[in-house]
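Biologist: Let us go through this model and its ligand site. I will ask how each label is earned.

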Amino acid sequence: MEESTAQGSGKEPLYDRALLLHGRKRNEVLTLNEVQRYGAESFSDPDYVRLYSMTPPQWYARGVRLLGRTAVECTRDPLADLIGRDIAAIAASFPPETKFSVIDPFAGSCNTLYWILHDVPCSRGLAFEFDPSVYQLTRQNIADLDRPIELIQGDYNVVLDRLDLPTHDVLIVFVAPPRGNALDEIEGLDLRRTEPPITDIITRLASAYPDRRMLFAVQVYENVNVESIAELKSKVDWSTVKNYNLNVPGRNHGILSASRGWRP
Ligand SMILES: C[S@@+](CC[C@H](N)C(=O)[O-])C[C@H]1O[C@@H](n2cnc3c(N)ncnc32)[C@H](O)[C@@H]1O
């Protein structure tokens, strides 16, 4: 979900966000060469799409495959690792014997879930994915990873009602839906305009589990629409925002952590 910086040249298509997310590569499985071209041509780094603690040559050799859209939409290792650590630091407020169910309603690659489960002790993962092709590939990709992830195919809104979660688990929910047209360069990311809206997702999850202690981790952009943050804050008991310095200033990602039913 990061912006490319390179310009196209000649007749060869530029392997960028436009081609992979909105163009003809969106629903195609990429070759290793294409994954590395995307990294090199858009970010000057052929190993840009690091996932599951591996570089592209390493994960490709293990049989991991990505659609063009997922190569763009995925949360790559450097960011997912930081998110996992920060969630774990907040979750450490609970007694050591606490068990956590970690839910990613928008699974994509499942890479953020992979890192959260790495960092949060006594945790198990549940992820939902409604695109059948993304679901099928991710299912294969995560099959051999050493993480307890149950991937369920379907719309998060529907799957939520079918879940049977252990009664005493604290719920951690990672929220990073497709951003659609929600990013305005001046106003920032509008949390009410992602697809689906992040503000609706928080309301939906909170009402599905009214008696649970919940920790939300919302992936945000460096600049977030102020009114939309205020709306989100009105739905939770506590929140804080942290930005990461992985990209050039103005193009960084961050995490909005929020709790319901408890405070760290
Ligand atoms: C931005 S990606 C998620 C990135 C991912 N969490 C990661 O760690 O790499 C969003 C994914 O959510 C899926 N999706 C979008 N709307 C959905 C919905 N209503 N229910 C389930 N999955 C959905 C998309 O198909 C896409 O694969």
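Modeller: Start with a rule: a molecule sits in a pocket if more than half of its atoms lie within 2 Å of the pocket's grid points. The ligand meets that rule for the largest pocket, so we say that the ligand sits there. Bear in mind that this is a predicted model.

Biologist: What makes the contact of Glu129 with the ligand a polar contact?

Modeller: The cut-off is 3.5 Å between N or O atoms. A polar side-chain atom of Glu129 lies 2.6 Å from a ligand oxygen. That is within the cut-off, so the pair counts.

Biologist: How do you know that Arg69 and Tyr156 make polar contacts too?

Modeller: For Arg69, a side-chain N or O atom is 3.2 Å from an oxygen of the ligand. For Tyr156, a backbone N or O atom is 2.9 Å from a ligand nitrogen. Both values are within 3.5 Å, so both pairs qualify.

Biologist: How much of the ligand does the protein cover?

Modeller: It covers 98% of the 610 Å² of accessible area that the ligand has on its own.

Biologist: Which elements give two or more residues to the shell around the ligand?

Modeller: Helix H4 (68–73), helix H6 (111–119) and strand E2 (123–129). The shell holds 24 residues, and Asp104, Ser109, Thr112, Glu129 and Tyr156 come nearest. By class, 12 are nonpolar, six polar and six charged.

Biologist: What is the volume of the largest pocket, and which residues are closest to its centre?

Modeller: The volume is about 660 Å³. The lining has 37 residues, with Arg69, Glu73, Ala176, Pro177 and Pro178 closest to the centre. Helix H1 (17–22), H4, H6 and E2 each give two or more residues to this lining. H4 gives the most, with four. The lining divides into 17 nonpolar, 11 polar and nine charged residues.

Biologist: Why is the bond between Glu195 and Pro196 called cis?

Modeller: Omega there is about 0°, and the bond is cis. Most peptide bonds are trans. Pro196 is in the loop between strand E6 (188–189) and helix H9 (198–208).

Biologist: What makes the phi of Ser53 worth a note?

Modeller: Phi is near 70° at Ser53, a positive value in a residue other than glycine. Most residues other than glycine have a negative phi. Ser53 lies in the loop between helix H2 (32–43) and helix H3 (56–61).

Definitions and conventions
Residues numbered from 1 in each chain as written. Predicted model: local features only at pLDDT ≥ 70, side-chain atom pairs only at ≥ 80, totals over all residues. Heavy atoms only, no water. Near = heavy atom within 4 Å. Polar contact = N/O pair within 3.5 Å; in protein donor to acceptor, adjacent residues only side chain to side chain. Areas by Shrake-Rupley, 256 points an atom, 1.4 Å probe, with all protein chains shown as cover. 1 Å grid on protein atoms, 1.4 Å probe; cavity = no way out; pocket = protein on both sides within 12 Å on 5 of 7 lines; lining within 4 Å. Nonpolar A, V, L, I, M, F, W, Y, C, P; charged D, E, K, R; others polar. Points joined across faces, edges and corners; volume = space filled by probe spheres on them.
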